[in-house]
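Got your viewer open and a hand on the mouse? Let's take a walk through this one, stop by stop.

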Amino acid sequence: VLENRVSTLPISYLKSQTYLRVLFICNTSFINHTILLSCLKSSLSITGTALSWLQSYLTDRQQFIHINNCTSSTTLLSQGIPQGSVLGALLFILYLLPLGNVIRHHGLNFHCYANDVQFYISTKSITSTTHSTLSNCLTDINSWMDTNFLNLTFTFMQPEQWDLNLYLSQSL
């Protein structure tokens with residue numbers, strides 16, 4: 001377990017530092033296709049055939065539920081991205097690209113994997129400045145999420161302390 005948790009942090013964060021990590025999970029069901037396609041065009045310069053292909057991938061998708069011998073009626077999906085596909089996870093991360101600027105603005109590090117995003121701060125001690133930085137960042141993240149039609153669930157991690165030398169000796 002230690003190895004899995006430590007592997008998500010840069011080595012510099014493990015040098016006898018206390019770090020705070022906040023994990024949040026975003027619901028991919030509310031991805032707005034217009035915002036996603038606009039982000040792909042403006043931020044990544046995806047245009048022409050590639051953009052048309054992605055638009056085609058997202059539009060006119062339908063879903064239904066089948067349990068035992070009962071099947072619901074088919075419903076057109078006007079938002080969200082297909083789950084369980086490599087492209088779906090990639091499109092979600094691309095949708096979150098602007099969120100990176102929000103987090104970096106507060107001097108925090110972060111990484112995304114599928115619909116999980118975590119950001120973290122390393123500090124010698126937890127001070128009111130640390131709390132203020134995290135609080136302001138969370139406020140800005142919440143605002144960005146509202147603007148971009150996303151819901152999120154936060155998981156706050158307890159402050160943890162890692163000794164890199166102890167970790168390396170246990171890993172060998």
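Which exposed residues sit on the face of α3 turned away from its buried side? Select Thr 49, Trp 53 and Ser 56: those are the exposed residues that this face carries. Exposed means over 50% relative accessible area, buried means under 20%, and partly exposed lies in between (1.4 Å probe, protein chains only).

A quick word on what you're looking at. This is a predicted model, where local features need pLDDT of at least 70 and side-chain atom pairs count only at pLDDT 80 or more, while totals for chains, interfaces and linings use all residues. Residues are numbered from 1 along each chain as its sequence is written, and side-chain values use heavy atoms, with hydrogens and water left out.

**Stop 1: the other side of α3.** Stay on helix α3, residues 48-58, and pick Leu 51, Leu 54, Tyr 57 and Leu 58, which are buried. They share the same side of α3 because they cover an arc of only 120 degrees around the axis, counting the directions from the helix axis to the C-beta atoms. Now show what covers them: α2 (33-44), β2 (61-63) and α4 (86-95) are included. Just past the helix, click Asp 60, which has a positive phi of about 60 degrees. Helices (H or I, at least four residues) and strands (E, at least two) are DSSP runs, numbered from the N terminus.

**Stop 2: α5.** Next, select Leu 99, Gly 100, Val 102 and Ile 103, the buried residues of α5. Their arc is only 160 degrees around the axis, which puts them on the same side of α5. After α5 comes Gly 107, with a positive phi near 75 degrees.

**Stop 3: a strand pair.** Colour β6 (residues 109-113) and β7 (residues 116-123). Five bridges join β6 to β7, and they run antiparallel; strands pair if DSSP finds at least two bridges between them. Find Phe 110, and opposite it in β7 you'll see Phe 119. Six of the eight residues in β7 are buried, so that strand is mostly covered.

**Stop 4: the core.** Keep Phe 119 selected and add Leu 99 and Ile 141: these have the most contacts inside the largest nonpolar core, a set of 32 residues. Such a core is made of buried Ala, Val, Leu, Ile, Met, Phe, Trp, Tyr and Cys residues joined through side-chain atoms within 4.5 Å. Elements giving two or more residues to this core include β1 (15-26), β7 and α6 (128-147). The largest share, six residues, comes from α6.

**Last stop: zoom out.** The protein chain has seven helices and nine strands, and buried residues make up 34% of its 172 residues.

Note on methods:
Contact = heavy atoms within 4.5 Å.
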